[in-house]
Every structure is written in C-alpha cells, then in structure tokens.
Amino acid sequence: MSDPKPNELIEKIDYIPPQKGWMDVPVNIRKGMYCYASNPKSVEYVHLPNARAWNPIEEDWKLPDNWKEIVHTAFRDRLDRFRSFKVFMDICVRCGACADKCHFFIGTGDPKNMPVLRAELLRSVYRNDFTAAGKILGKIAGARELTLDVLKEWWYYFFQCTECRRCSVFCPYGIDTAEITIMAREIFNLLGLNIDWIATPVANCYRTGNHLGIQPHAFKEMIEFFVDDIEEKTGVKVDPSFNKKGADILFVTPSGDVFADPGTYTAMGYLMLFHYLKEQGLNVTWSTYASEGGNFGFFTSHEMMKRLNSKMYAEAKRLGVKWILGGECGHMWRVINQYMDTMNGPADFLEEPVSPITGTKFTNARSTKMVHISEFTADLLYHNKLKLDKSRNDNLIVTYHDSCNPARGMGLFDEPRYVINSVCNHFHDMPRNTIREQTFCCGSGSGLNAGEDMELRLCGGLPRANAVKHVHDKFGVNMLATICAIDRAVLPPLMDYWVPGVGVTGLTEMVANALLMPGEAERTTNLRGEPLSGMEE
Amino acid sequence: MRLEELLAQKKTAVIDKWFDVVAETYPADTARFIKRQKDPFANPVGGTTHKSLTVIMDELLGEMNRDKIYSFLDPIIRIRAVQDFTPSSATSFVFSLKKIVRNQLNKSDINDLRILAELSEFDLKIDSLGLIAFDIYMKCREKIYQIKANEEKSRFFCAFERAGLIKELPDSGSELA
C-alpha cells in the first residue's frame, strides 16, 4: 500500500458532526459535564435502596439484577399517581417552541438538551412500554426499548436540567419539563443512581438540619462571629436570639448564607436589619435546628422533599411563633409555594402573616404562613421605616438576576427591584428576554452546583453571563444582585470566566450597607471591609 | 493589494460563509438554530460568533491589530473551550477561512501570479490567527482548572477556618524562643 497523499489526509479531517437520528447517537459521558456518584453512606442513611459505590464513567454501574423491572414498575406507579406526568407524556406535539429556550441547549449546543428531546428520552420508553401504538409500531411511533445505554443517557441528560422551568413558559400546552426531570430523578433514586452533591446534603439535612452537617453549637458560633464582625464595621453590637420560645417570627434561611461567601454578608445584613427593627417591635428568632431553608429533597423525591420541609414547620410549632420569615433562597420558595400546603400543611397553628412594623397583611402568604424577606423589606421601604444613606452604595452599578424559583415559581419580580432602587442609585436591568419570567438560569441549580461539573455549569450559565456582559459593557455594571443562596455561590466563578470585574451580592447586604443604624460609628467600609463610596484613600 | 480589494468587495459573503462553517461544527439541529436565531441574547453563540468574525475579518483586511484580534477571537474560543470540542475542532474554523477565500476568487484571479503571492501572505495572517486561537484556548482551559481548584481550596480552607482549626501567624516575631 502506498503512502497517502497530503490532500487525502486532509480530506479525512472533517469537523462536521455525522447526520444521524437522535436515537442513533450514543451517549458519551464526558468529564466536566457530570457530578460524582452518591456516597453509599448518605443513601443508606435516608433508607433509599441499592446503596453502593459506583462510577458513572465505568462500564458496570453495579445495578441490581432486576433494574428494568424496578424502572418499569416505578414508571407505571408515577403515571398512575401524577396526572400531570401522564398528560406530559401524551400531549407534546413537538412544535419546537421550547427547543431553543433551555440554557443548557443554548450553552452546550447538544440537541439532547432541547427540552422536547430531553423529555423524548423518557417518552420513547413510555411509548414502548405503555402505549399500544408504541408496542406495535416501535421506532416508527417514536418508541424504543429500555436498555442500559438508554438508562445511561437518561442519567446524563436529566442531570443536565436544573428544573428552572424556562421552557415551560414557552410551551403552548404548559408542559412542565421540570416535572419530567423530577420523575426521572425519582426513578434513579430507586436504582441508587443519585449524585453525591444531592445525596449527602440530603442526608446531612435529615440528620443535623442543614446541608453541610453543621451542628447547632457551630451554627450559633458562626452567627456570633458575624456579630463581632458587624460591631467591628459599624460600631453596633447586634443581639440575635436563638430557638426563642414565644418569639413572633421564626427566621429560616439557606445555610449557604451562614457558611459561604459572599452569602455571609447577606446573613450579616439580616442580623443588622432585625436589630434595627427591634425597637419598632420586631420579635424574631433564628433556629439552630431548622437551620436550612434549602431542600435538596426536592431534587430526590417528593417524599424526601416532604420529610426535609417538615422540620421548618415542626420548629415553628415547637417555638410557638406566629409565622415564618424566609431568607434569600431559591428553590426553598418553590417548595413553599407549590408543594408545602398540600404536603405538610395546612399550617393551621400559625397565623396569617402581618408585619409588626407596618401592619401590612401578607395575604399572598395566607396559606403558607411564610413571607419572603424581599417582600418584607420592600414593604418596610414603601412605608419609610428604614433610614438610609443610598450614596454609600454609589460605587456599585447594579443589575439583578431573577432567580428561577422566586421569579417563575412565585412571581417575585418587582419587590427585589424596588428594594435595589431604594438602596442604590445605579441600577440597570438586563435585556427583557433574559429577566423576570424569561430569566436565564445560573446553570447550577437543582443540585448541580458541584465542582467536578464545572464545564457543564459554565455552559449552562452562558446565556445568563452573556446578558450580564451586555450591561457590563454598556453601563459599566460591576455588581450582580440576586436572592438565592445557590446563585450567590455559583455566580462568582461564572462571572470570573465570562465577565471578569462583576461581583455578586445579596439584596439584604446592600440594604445593610445603606442602613443608618442608631448609635453607629462613622462607617468607612462596607460589610466586606471594602471602602464605601467617598471613603477611598 | 489587489487580493484585499477583491475580498473587501465580497466581505459580507466571506463572513457569512465563515460563520456557517463555525455553526456547522455543531450537530445539525443546533447549527440550524445558531444560523437562524438573530437575537444575540436568545442565541449567544451565534451572536457572539458573528460579531467577532466581522471585526476579525476587518482586521485581516486592514491593520492586523493583535490586541483587537485577540479580544474578538477570545469570546468565540471561550465558548468552544467549555463545549464538547477537542482542541483542534475548537480552533479549526480559523483555518477554514483559507478555503472560503479561495472559493470566492475566480479562476482568472487564482491564475494571476500577483494574487497568488498575496494569497500566500494572507494565509500567513490566517496562520498567525490560528496561533492566537491556540493561546486563547489554552488560557481558557487553564482558567477552568483554576476555577475548579479555587472552589475546592476555598471549600476546605473555609471549613477548617470556621471550625477554628487554623491559627494565624502572630503579627510580628516568633513565639518560639
């Protein structure tokens, strides 16, 4: 055989991917795009089945012998129990309205991340196993048999969905793809196929009360550390109460606010706001037991979500409070607004929330008895109950990221913007098709905020970062405000990669920086220890 | 420079073809979306790519300002460095320009020795663009690993620090006699 000619070699180099139907493209589990498998100890602790060590990139996933039967039974059970799931399996007409709305599709360019196709991964097996047309016509009817490769494909792509529900905003039938992902993940859990970034926080939360497994005394110590820090920065000694029986309000926030920067500055903000309002009649307590607002059970199963959510209400009952105030968290609010009432409610032992400062009745929370801190603060500002020096935030040019769950899950659009505009002089919204109900996900929600899947997170966060870059270039935006603890943890690396020079903050941190605390010393720095506007040397 | 004049006349066609080449490195359904959706916020890959290629083409036909080329090539490569591309497929589109340019020329142009000489020079510009692309690709990959490392480091350091397991050095001097 003669040596190949240079042009023959060059012709073999082709960067155009092969044209194949999606069922014929095998799954390729790529490093950087998936999270590590669950720690068997964590799976066992919450009594989920098939706990074992396994590795997604190894051929053998050590599945139980009857795994197909488990999937089939679980699938049928869920079709019977959840009418919405059954409807979502049947009614999609593949119009394509959702196809290009997913941040993971836009960012990865992988067609299997089109919401319609991601759902089709499950629907194809549904047709094969549960519909007459699929059983008779097979592939012609879009049906396919469940094989190990199909299961691996499910696993890979249902952990590339953050359950953000942007696609469902555009679906003419209102198909909620997040619920399809939820069902797929429930099935994975029956096979011991959770990811560790969800499984271990769930076990920790179930045992100790928060994702990190921080015990009550350490939780208290951390907040006391904030108290010292606040005194150093402001000259005011705040005096929070813990597990106080007979308090009017229980405050619950994600543990990320207590243990992860820059959320910690938001936690200091809560402490300062509560201290400021004490004189005006606010009687609020923190709990070292209900020390987690987040609920990774939501990403595991309905039952696990219910289990973890129940502690908040149990603690409210134990302490005898009137209602619950919730911190800046994302998915906590979807759990509260969409599920809590029928899951652990009705919370008849609590009262309809009323602001002790303004007398405002939060009728929207009549049923859940839980008020978002942004609603609470916006109401205070509206009634001029906070004395502020807005100019302290003058070195911030702010934009706002609508976190998916408070935005799409509870319609919280205007209150956060009202708060920002009340405490900052420079605010610029991102383009209309990237905010409010059309907001782009941070790319790391629903338990995907691990470190090992950084490429996935950076891809998923591209549409959000792209819109931030626009306001950064156009208006000089240097601060991205948000009301979700996962956002506060994951947006800094996202900005570092895509839009260097943009920081990340919670709303209450900015409120606290502008707040004129009675008895305060001259404030020269913000809570981060950086010089305030006009105080630079 | 006759070649550059010819290309300047056909600039829009060259950029559109070049853009199509980048789009077609994605699976067919994705390529269709990247080409069709014109809103840069709904389609950041397409929007960024088209904007950058336009500026880069201007530079290839003009000043060849390295900083400008770098800053406009960066956003395209930055995207491709996190996506499912090998290093060569992430940067290959740069070299595709050679073929696109040749396809834009008539047979008589190609046979013109003067244009042929200018074409070799233009190829060298594309080669240097390729080298810049490779630098950016490596910088992006290093950044990703740096971010991963920082995440791990801060996670453990903060945990130890908050558990009171870390004792900072005293402000001055040693405590040991």
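**Exercise 1. Describe how helices α21 and α22 of chain A pack in this predicted model.**

Solution. Step 1: locate the two elements. Helix α21(A) covers residues 462-475, and helix α22(A) covers residues 485-498.

Step 2: give the geometry. Two packed helices are described by the angle between their axes and the distance between the axes. Here the axes come within 10 Å and cross at roughly 65 degrees. The crossing of α21(A) past α22(A) is right-handed.

Step 3: list the residues that meet. From α21(A) come Leu462(A), Ala465(A) and Lys469(A); from α22(A) come Leu494(A), Met495(A) and Trp498(A).

Step 4: sort these residues by class. The contact of α21(A) with α22(A) holds five nonpolar residues, no polar ones and one charged.

**Exercise 2. Work out the strand order and the edges of the sheet that contains β5, β6 and β7 of chain A.**

Solution. Step 1: read the order. The sheet is open, has three strands, and runs β5-β6-β7 in chain A with parallel pairing.

Step 2: find the edges. β5 (398-401) and β7 (503-506) of chain A each pair on one side only, and these are the edge strands.

Step 3: examine one pair. β5(A) and β6(A), the latter at residues 479-482, run parallel and are joined by four bridges. Within this pair, His401(A) has Thr482(A) of β6(A) as its bridge partner.

Step 4: add the twist. Ignoring direction, neighbouring strands of the β5-β6-β7 sheet of chain A are turned by 35 degrees against each other on average.

**Exercise 3. Treat the sheet in the order β2-β1-β3-β4 of chain A in the same way, and identify a helix that packs on it.**

Solution. Step 1: read the order. Four strands of chain A, β2-β1-β3-β4, make an open sheet with parallel pairing.

Step 2: find the edges. β2 (284-286) and β4 (370-372) of chain A have a single partner strand each, so one side of each lacks a neighbour in the sheet.

Step 3: add the twist. From one strand to the next, the twist averages 30 degrees.

Step 4: examine one pair. β1(A), residues 249-252, runs parallel to β3(A), residues 323-326, and four bridges join them. The bridge partner of Val252(A) in β3(A) is Gly326(A).

Step 5: place the helix. Helix α17(A), residues 373-382, packs on the sheet and touches β3 and β4 of chain A. The direction of α17(A) makes about 70 degrees with that of β4(A).

**Exercise 4. Which elements of domain 1 of chain A supply the side that touches domain 2 of chain A?**

Solution. Step 1: set the bounds. The domain assignment of chain A places domain 1 at 18-194 and domain 2 at 202-514. Their centres, taken over C-alpha atoms, are separated by 31 Å.

Step 2: count the contacts. 25 residues of domain 1 of chain A are in contact with 29 residues of domain 2 of chain A.

Step 3: name the elements. Two or more residues of the domain 1 side come from each of α2 (40-45), α5 (103-108), α9 (166-170) and α10 (177-190) of chain A. α5(A) gives the largest share, five residues.

Step 4: sort by class. The domain 1 side has 11 nonpolar, nine polar and five charged residues.

**Exercise 5. Find where the cis peptide bonds Asp261(A)-Pro262(A) and Gly345(A)-Pro346(A) lie, and where Asn50(A) is found.**

Solution. Step 1: the bond joining Asp261(A) and Pro262(A) is cis, with omega about 0 degrees. Pro262(A) sits in the loop between α13 (256-259) and α14 (263-278) of chain A.

Step 2: the bond from Gly345(A) to Pro346(A) is also cis, with omega near -5 degrees. Pro346(A) lies in the loop between α16 (331-343) and β4 of chain A.

Step 3: Asn50(A), a residue other than glycine, has a positive phi near 60 degrees. The loop between α2 and α3 (67-81) of chain A holds Asn50(A).

**Exercise 6. Describe the side of chain B that touches chain A, and report the confidence scores.**

Solution. Step 1: count the contacts. 28 residues of chain B are in contact with 28 residues of chain A.

Step 2: name the elements. α3 (28-36), α4 (44-60), α5 (66-82) and α9 (113-162) of chain B each supply at least two residues. α9(B) gives the most, with seven residues.

Step 3: sort by class. This side of chain B divides into 12 nonpolar, seven polar and nine charged residues.

Step 4: report the scores. The model has ipTM 0.93 and pTM 0.95. Chain B has a mean pLDDT of 91, with 90% of its residues at 70 or more.

Technical notes. Residues numbered from 1 in each chain as written. Chains lettered and ligands numbered in written order. Predicted model: local features only at pLDDT ≥ 70, side-chain atom pairs only at ≥ 80, totals over all residues. pLDDT = per-residue confidence, 0-100. Contact = placed C-beta atoms within 7 Å. Nonpolar A, V, L, I, M, F, W, Y, C, P; charged D, E, K, R; others polar. Pairing = 2+ DSSP bridges. Axes fitted to C-alpha atoms, helices over the stretch in contact; angles between N-to-C directions. Left-handed = near helix turned anticlockwise from the far one by under 90°. Domains from an automatic or database assignment.
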